[in-house]
Amino acid sequence: MEQRISVITLGVRNLARSKAFYDALGWRMDSSREEEGAIIAYNLHASTLCLYSWDGLAEDAQVDSSGSGFRGVTLAYNVSTREEVDQVLAEAEQVGGSIVKPAQDTFWGGYSGYFADPDGMLWEVAWNPFSPLGPNHEFQW
């Protein structure tokens, strides 16, 4: 198995609300690929983020859909400068996200904060001075 993630799918309670949130952050989907609103897909630089019905995703994975609270997973959005962390967090809050952890200096020498999307998915926004982003803004350890 190659070291890569092809698709990240988030189970969401309200597909239209979540699409509006990510659209408001400036993300764009390939509308020619939309399957009558069943799944929303945003092609990223090296993978795809999909939004899918919470219950439908639980059914597909054959797990109970009543999960709540911390799910043991966060998504990270790395930026090129410390200032961008604050900008992205403010943008997420303006379009309906909630700040979970305000941006602050980290124990590892960077700067980061967290927001939650409308379904509580945690996104870390981070600047890591030891891992500059690649030419396509991809994170490189």
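1. Two strands count as a pair here if DSSP finds at least two bridges between them. With that in hand, here is a friendly walk through this model, which is a predicted one. A good place to begin is the pairing of E1 with strand E3 (residues 48-53), which runs in the parallel sense over six bridges. Within that pairing, Ile8 stands opposite Leu49 in E3, and further along, Gly11 has Tyr52 in E3 as its bridge partner.

2. Before going further, a look at the whole chain may help. How many helices and strands does the chain have? There are three helices and seven strands, and reading along the sequence gives the pattern β-α-β-β-α-β-α-β-β-β. The chain has a radius of gyration of 16 Å, close to the 14 Å that the globule rule gives for 141 residues, so it is as compact as a globular protein of that length. The C-alpha trace spans about 40 × 30 × 30 Å along its principal axes.

3. Two percentages add to this overview. Of the 141 residues in the chain, 35% are buried. If you take the contacts between residues at least 6 apart in sequence, 51% of them join residues at least 24 apart.

4. Back to the strands. As general background, strands of a sheet pair through backbone hydrogen bonds, and they do so either parallel or antiparallel. E2 and E3 pair in the antiparallel sense, over five bridges. One of the places to see this is Asn43, whose bridge partner in E3 is Thr48. E2 and E3 also form a hairpin, with four residues between them.

5. How do these strands fit together as a sheet? Three strands form an open sheet with the order E1-E3-E2, and the pairing is mixed. Strand E1 (7-12) and E2 each have a single partner strand and stand at the edges, so one side of each is left without a neighbour in the sheet. On average, and ignoring direction, neighbouring strands of this sheet are turned by 20° against each other. Helix H2 (residues 54-61) packs on the sheet and touches E1 and E3; the direction of H2 makes about 100° with that of E3.

6. The aromatic residues deserve a point of their own. A pair of aromatic rings is described by the distance of the centres and the angle of the planes. Searching the whole structure turns up eight aromatic pairs. In one of them, the rings of Phe21 and Tyr22 have centres 5.1 Å apart and planes at 85°; planes over 60 degrees apart count as edge-to-face, so this pair is edge-to-face. Phe21 is buried, at 2% relative accessibility, and Tyr22 is buried too, with a relative accessible area of 0%.

7. Trp27 and Trp123 make another edge-to-face aromatic pair, at 5.8 Å centre to centre and with 90° between the planes. Why is this pair worth finding in the sequence as well? Trp27 lies in the loop between helix H1 (15-24) and strand E2 (39-43), while Trp123 lies in strand E7 (residues 122-127), so the pair ties together parts that are 96 residues apart in sequence. Are the two buried or exposed? Buried means under 20% relative accessible area, so Trp27 counts as buried at 18%, and Trp123 counts as buried at 6%.

8. These residues can be drawn together. Phe21, Tyr22, Trp27, Tyr42, Phe115 and Trp123 form one aromatic cluster. It is worth selecting these residues in the viewer before moving on.

9. Aromatic rings also appear beneath charges. Which ring does the charged end of Arg13 sit over? It is the ring of Trp54, with the charged end of Arg13 3.8 Å from the ring centre. The charged end of Arg82 sits over the ring of Tyr111, 3.9 Å from its centre.

10. Finally, consider Phe130, in the segment after E7. With a relative accessible area of 60%, Phe130 is exposed. Leaving aside residues up to four places away in sequence, Phe130 touches Trp108 and Gly109. Phe130 and Trp108 are 22 residues apart along the chain, and their C-alpha atoms are separated by 9.4 Å.

Terms used: Residues numbered from 1 in each chain as written. Predicted model: local features only at pLDDT ≥ 70, side-chain atom pairs only at ≥ 80, totals over all residues. Heavy atoms only, no water. Phe/Tyr/Trp six-rings, centres within 6.5 Å; stacked < 30°, edge-to-face > 60°. Buried < 20%, exposed > 50% of the residue type's maximum accessible area, 1.4 Å probe, protein only. Helix = DSSP H or I, 4+ residues; strand = E, 2+ residues; numbered from the N terminus. Lys NZ or Arg CZ within 6 Å of the ring centre and 35° of its normal. Axes fitted to C-alpha atoms, helices over the stretch in contact; angles between N-to-C directions. Contact = heavy atoms within 4.5 Å. Rg over C-alpha atoms; globule rule 2.2 N^0.38 Å.
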